[in-house]
Amino acid sequence: MKYIGIPLGMWVLFEKSFRKNLVSEFGYNKITAKQISKNAKSRYKSIIRNLPEFEKGDQFKTNIVGCAMLGAFVLSMPKRPSVDELTEYYSKAMMTRFMRWLCRQSGKKKFTAKDIAEMKKTAELKAADRNPYSWNMDFYEYSDGSGYEGRFTKCGICVLMKELGLFDLTPAMCRLDYTMSEAGGATNFVRRYTIASGGSYCD
């Protein structure tokens, strides 16, 4: 994967927030936070270069790029955070004003015919069969029309976090799904299982 497009855009959009929250959440001074961010950028580029390009139609490239960014910051911190610490940090670093706006726009499209068609298309793609850093999903519509369920049987974030030696911290990323759903204002997001916590799938 090249450091252009989504990887470059993610860094430009979120680096300042990731750096600022190193101070507010972990108590690093601004000089240390700046150095962590500098080191993280180098690690981030290296992680990105070792990832394959995602095929056309795969909607999960942004997810793995976000994982690469968080992983690069964690690996650049002087002290490894706990899951709870990283959960709070990641949520505040990601949920910028722009991100909240994006979530609200996404919420307006939830449960529309287009949304359901895209979910079905993603389920049919089974991209992780060809790219271990992507996802495989099964799609189930509720018979009473109240919503739908996506069951992810392969998770690219779990694969990358294992490679980075950070698998135990993966739940910090999983929790952001709840936060983004709340910001979207359209869904009652419920999850019972995650691969990261030992489940056979993420629902």
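Buried here means under 20% relative accessible area. Keep that cut-off in mind for the tour. The model on screen is predicted.

**Stop 1: helix 7**

Select residues 156-163, which form helix 7. Colour Gly156, Ile157, Cys158, Leu160 and Met161; these residues of the helix are buried. Now show what lies over them. The cover includes helix 2 (30-49) and helix 3. Strand 2 (148-154) and helix 8 (171-174) also belong to that cover. Step past the end of helix 7 to Gly165. Its phi is positive, near 75°.

**Stop 2: helix 1 against helix 3**

Helix 3 was part of the cover at the last stop. Select it as residues 61-76, then add helix 1, residues 6-26. The two axes come within 10 Å. They cross at roughly 40°, so helix 1 and helix 3 are oblique to each other. The crossing of helix 1 past helix 3 is right-handed.

Show the side chains at the contact:

- From helix 1, pick Ile6, Pro7, Met10, Trp11, Phe14, Glu15, Phe18, Arg19 and Leu22.
- From helix 3, pick Lys61, Thr62, Val65, Gly66, Met69, Leu70 and Phe73.

Sorted by class, the residues of this contact are eleven nonpolar, two polar and three charged.

**Stop 3: Glu15**

Stay on helix 1 and centre on Glu15. Is Glu15 buried or exposed? Its relative accessible area is 14%. The cut-off for buried is under 20%, so Glu15 counts as buried. Which side chain makes a polar contact with the side chain of Glu15? Select Ser37: the distance is 2.6 Å. Setting aside neighbours within four places in sequence, Glu15 is in contact with Met10, Ser37 and Met69. Met69 belongs to the helix 3 side of the contact at the previous stop.

**Stop 4: helix 3 against helix 4**

Keep helix 3 and add helix 4, residues 83-94. These axes come within 12 Å and cross at roughly 125°. That angle makes helix 3 oblique to helix 4. Helix 3 passes helix 4 in a right-handed crossing.

Light up Gly66, Leu70, Phe73 and Val74 on helix 3. Then add Leu86, Tyr89 and Tyr90 on helix 4. Together they make the contact. It has six nonpolar residues, one polar residue and no charged ones. Gly66, Leu70 and Phe73 were also picked for the contact with helix 1.

Why might positions such as these line up on a helix? An α-helix has 3.6 residues a turn, so residues three or four places apart point the same way.

**Stop 5: Ser181**

Go to helix 9 and select Ser181. At 10% relative accessibility, Ser181 counts as buried. Leave out neighbours within four places in sequence, and its contacts are Ala186, Thr187 and Phe189. Now add Cys103. Cys103 and Ser181 are 78 residues apart along the chain, yet their C-alpha atoms are separated by 7.4 Å.

**Stop 6: Arg191**

Move on to the segment after helix 9 (176-184), where Arg191 lies. Arg191 is buried, with a relative accessible area of 18%. What does its side chain reach? One polar contact goes to the side chain of Asp177, at 2.7 Å. Next, show the backbone of Asp203. Its backbone oxygen lies 3.1 Å from a polar atom of the Arg191 side chain. To finish, display Cys174, Asp177, Tyr178 and Asp203. Arg191 touches these four, not counting residues up to four places away in sequence.

Note on methods: Residues numbered from 1 in each chain as written. Predicted model: local features only at pLDDT ≥ 70, side-chain atom pairs only at ≥ 80, totals over all residues. Heavy atoms only, no water. Axes fitted to C-alpha atoms, helices over the stretch in contact; angles between N-to-C directions. Helix = DSSP H or I, 4+ residues; strand = E, 2+ residues; numbered from the N terminus. Parallel < 35°, antiparallel > 145°, perpendicular 65-115°, else oblique. Left-handed = near helix turned anticlockwise from the far one by under 90°. Contact = heavy atoms within 4.5 Å. Nonpolar A, V, L, I, M, F, W, Y, C, P; charged D, E, K, R; others polar. Buried < 20%, exposed > 50% of the residue type's maximum accessible area, 1.4 Å probe, protein only. Polar contact = N/O pair within 3.5 Å; in protein donor to acceptor, adjacent residues only side chain to side chain.
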